[in-house]
Amino acid sequence: MSILDQQRRSSSPAEPEAPGRKVALALGVLGLLVATGAFIVPSPTLTDLCWAVGFGILFVALVVTLVGVVRARGDRLSAAPTSVAGWISLACFLAAVAFAFTPFGEISLALGIVAASLAVGAVTVSRERSVPVITLPLLGGVFVLAFVLGEVLIGRP
């Protein structure tokens, strides 16, 4: 590397890393470790507790990440959805909750994943900044993910 390249690197200002990224990463790793504890503990009650708490921590990590994305853009958080994708995401979440208590409960699982995917897309593509769009669909998506993975990996006879 030439001296000129070294000077360019040292003179270019480094982008400051947002502390939210480190917090989200730490929470994500912690959530995975706690959820992994479900495979180690012998008691079924502790297994369920580890699984639920681990996915709860993963949910918080996702929310911190998306709030960091909104803040990094310089946008302020709002109470009501500001995009069509945000409204559709909330509608899918509410439909998932409504279908959960009917004989067609399986539909709610698919709607929960669709709502979470739309919420992430709304925040990243449509510049959505609404707190309900960030939290509620992600909560539904994480719940569905925890439920399905729990049945597949930990399921009891």
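A salt bridge here is a side-chain nitrogen of Lys or Arg within 4 Å of a carboxyl oxygen of Asp or Glu. Keep that cut-off at hand for the exercises below, which all work on a predicted model.

**Exercise 1. Work out what kind of fold elements the protein has and how its contacts are spread along the chain.**

Solution. Start with the elements: the protein has six helices and zero strands. Read from the N terminus, their order is α-α-α-α-α-α. Next, turn to burial: 32% of the 157 residues count as buried. Then take the contacts with a separation of 6 or more; residues 24 or more positions apart account for 71% of them. Finish with the outside, where the protein exposes about 9,800 Å², with carbon and sulfur atoms supplying 72% of that area.

**Exercise 2. Decide whether E128 takes part in a salt bridge or lacks one, and describe its surroundings.**

Solution. First place the residue: E128 sits in the loop between α5 and α6. Next, look for a partner. The nearest side chain of opposite charge belongs to R129, 6.5 Å away. A salt bridge requires the nitrogen and the carboxyl oxygen to be within 4 Å, and E128 indeed has none, although it is buried. Now list what surrounds it, leaving out residues up to four places away in sequence: E128 touches V70, R73, A80, P81, T82, S83, G86, A122, V123 and V133.

The loop between α5 and α6 also holds S130. S130 counts as buried because its relative accessible area is 0%, and the cut-off for buried is under 20%. Beyond residues up to four places away in sequence, S130 touches S78, A79, A80 and P81.

**Exercise 3. Find the salt bridges of the structure and show how they are linked.**

Solution. A search of the whole structure gives two salt bridges. Take D75 with R73: their closest N and O atoms are 3.1 Å apart. Then take R127 with D75, where the closest N and O atoms are 3.3 Å apart. R127 lies in the loop between α5 and α6 and D75 in the loop between α3 and α4 (84-100), so this pair ties together parts that are 52 residues apart in sequence. Put the pairs together, and R73, D75 and R127 form a network of salt bridges.

How buried or exposed are D75, R73 and R127? D75 counts as buried, at 17% relative accessibility. R73 counts as partly exposed, at 23%. R127 is partly exposed too, with a relative accessible area of 42%.

**Exercise 4. Identify the largest nonpolar core and the helices that supply it.**

Solution. Begin with the count: the largest nonpolar core has 17 residues, and W51, F55, I134 and L138 have the most contacts inside it. Then ask where the residues come from. α3 (44-72), α5 (105-124) and α6 (131-154) each supply at least two residues, and α3 gives the largest share, eight residues. Zoom in on I134: not counting residues up to four places away in sequence, it touches V63, L66, V67, V70, L77 and V123. Finally, note that another core, of five residues, lies apart from this one, and C92, A96, L111 and A115 are among its members.

**Exercise 5. Use A119 to trace contacts made from helix α5.**

Solution. A119 is located in helix α5. Its relative accessible area is 0%, so it is buried. Setting aside neighbours within four places in sequence, A119 contacts S89, V133 and P137. As a last step, check a C-alpha distance: A119 and L90 are 29 residues apart along the chain, and their C-alpha atoms are separated by 8.0 Å.

**Exercise 6. Locate the nonpolar patch on the surface and examine F143.**

Solution. The patch consists of F39, I40, F143, L145, F147, V148, L149, V152 and L153. Together these residues have about 890 Å² of accessible area. Now pick out F143, which is found in helix α6. Is F143 buried or exposed? The cut-off for exposed is over 50% relative accessible area. With 55% relative accessibility, F143 therefore counts as exposed.

Note on methods. Residues numbered from 1 in each chain as written. Predicted model: local features only at pLDDT ≥ 70, side-chain atom pairs only at ≥ 80, totals over all residues. Heavy atoms only, no water. Core = buried A, V, L, I, M, F, W, Y, C linked by side-chain atoms within 4.5 Å. Buried < 20%, exposed > 50% of the residue type's maximum accessible area, 1.4 Å probe, protein only. Helix = DSSP H or I, 4+ residues; strand = E, 2+ residues; numbered from the N terminus. Contact = heavy atoms within 4.5 Å. Lys, Arg positive; Asp, Glu negative; His and termini not counted. Patch = residues over 30% accessible without salt bridge, like charges linked within 9 Å, V, L, I, M, F, W, Y side chains within 5 Å. Areas by Shrake-Rupley, 256 points an atom, 1.4 Å probe, with all protein chains shown as cover.
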